[in-house]
Each structure stands twice: as structure tokens, then as C-alpha cells.
Amino acid sequence: MNSSFNVNLNIYLGIKEHKGLPIEQRFEITGVEDSYKIVTDFFNILNNKQKVSRSILIDSDVRIIDVEDKEIVYINVPEADYHKKPIFINNDLQGGTFKRTHEGDGHLEVWLTLPLFTDKADSKNDAEVLVNAPVNVGVNVGVKNSGK
């Protein structure tokens, strides 16, 4: 379940996409009405445990940006640390857990959430260096004898 790199999701409110047009013409800045209220409502919902099981966003992940005399809302959604997964919506682990993919987020089957719970443990067998651990000197550790 853990990936070797983080995948952030960037959301822009106030930009309309015209699919099928060349990239130079595809996006139109439309702006949003009352961007401050949008951001306030967004954080209120995000911090409501009945809506989202855990918020991982901080204030700097959400910004109001002026573009062409219009306001857009930029939201950076970082990938959750494995200690904080799974994150689900509407108090529904089974129906409200999603997996981020290239094309968007898809429902994660409940049996796939089980490894997320086992990965949350703070003490892993391979997560810490053992100082002064006994070493069996007779074990071949991959050093070849050159015969010299």
C-alpha cells in the first residue's frame, strides 16, 4: 500500500476546463464568488469528524490566488502518511475510503483497508536500528574469500 513517493493532488476552484481543445486554450479563468467563505466552509467540513475521519491539510495547503482580476482557490492535498491512513468520508470506512489513481480517486474495497491498519503500528520489526544486537559471526554475509 505504501508508495515510494508522495502523490499530491492539486485542486483549482475557479478554473474551467474545456476538454478537447489544445492545451493552450483548454483552461479558462472563471474565478469564484466569495473565496473567503469557500475556504472557511472547506475547513469547517474538513475538520468535522462526521464528514472526514482525519484532516491532514494545514492552512498553507489552501490559498486564494488572484489571476486576471479574478480569485481562484488553490488546494494542495498531500498524500497521507501511512500512520494516518485510512482516511475516509461520511463516517463510512467501507464506502468512504478511496485510493488515488492517475485518473482520479476510486473506491477502495474494505479488504484493502486492512493492511492500512496494520501499517499504522509505531513499532515495526524493521523500523529501528538495533544497537548492541548479538551477531552470529559464523554466518556468511556475502563477503567472498578471494583465496589469497
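Which side chains meet in a salt bridge? In this predicted model, the partners are D41 and K37, whose side chains come together with an N to O distance of 2.6 Å. That pairing is the one salt bridge the structure holds. Both residues sit in helix α1, which covers residues 35-46, and they are four residues apart there. Because of that spacing, about one helical turn separates D41 from K37. As for how open the two are to the surroundings, D41 comes out as partly exposed, at 31% relative accessibility. K37 is partly exposed too, with a relative accessible area of 45%.

Helix α1 is also home to F43. Here the picture is one of burial: F43 has a relative accessible area of 15%, and since buried means under 20%, F43 counts as buried. What does F43 touch, once its neighbours within four places in sequence are left aside? The list runs to L57, I58, D59 and V62. Take L57 from that set: F43 and L57 are 14 residues apart in sequence, while their C-alpha atoms are 8.8 Å apart in space.

L57 turns up again in the surroundings of N76, a residue of strand β5. Setting aside residues up to four places away in sequence, N76 is in touch with N8, L9 and N10, and also with L57 and D61. So L57 is a contact of F43 and of N76 alike. Is N76 buried or exposed? With a relative accessible area of 13%, N76 is buried.

Things look rather more open in the loop that links β4 (62-67) to β5 (70-77), where E68 is found. Its companion in that loop between β4 and β5 is D69. What stands out about the backbone here is the sign of phi. E68 has a positive phi, about 50°, even though it is not a glycine. D69 likewise is no glycine, yet its phi is positive as well, at about 60°. In terms of accessibility, E68 is exposed, with a relative accessible area of 60%. D69 is also exposed, and its relative accessibility reaches 84%. Exposed means over 50%, so the value of 60% puts E68 in that class, and the value of 84% does the same for D69.

How values were computed. Residues numbered from 1 in each chain as written. Predicted model: local features only at pLDDT ≥ 70, side-chain atom pairs only at ≥ 80, totals over all residues. Heavy atoms only, no water. Helix = DSSP H or I, 4+ residues; strand = E, 2+ residues; numbered from the N terminus. Buried < 20%, exposed > 50% of the residue type's maximum accessible area, 1.4 Å probe, protein only. Salt bridge = Lys/Arg side-chain N within 4 Å of Asp/Glu carboxyl O. Contact = heavy atoms within 4.5 Å.
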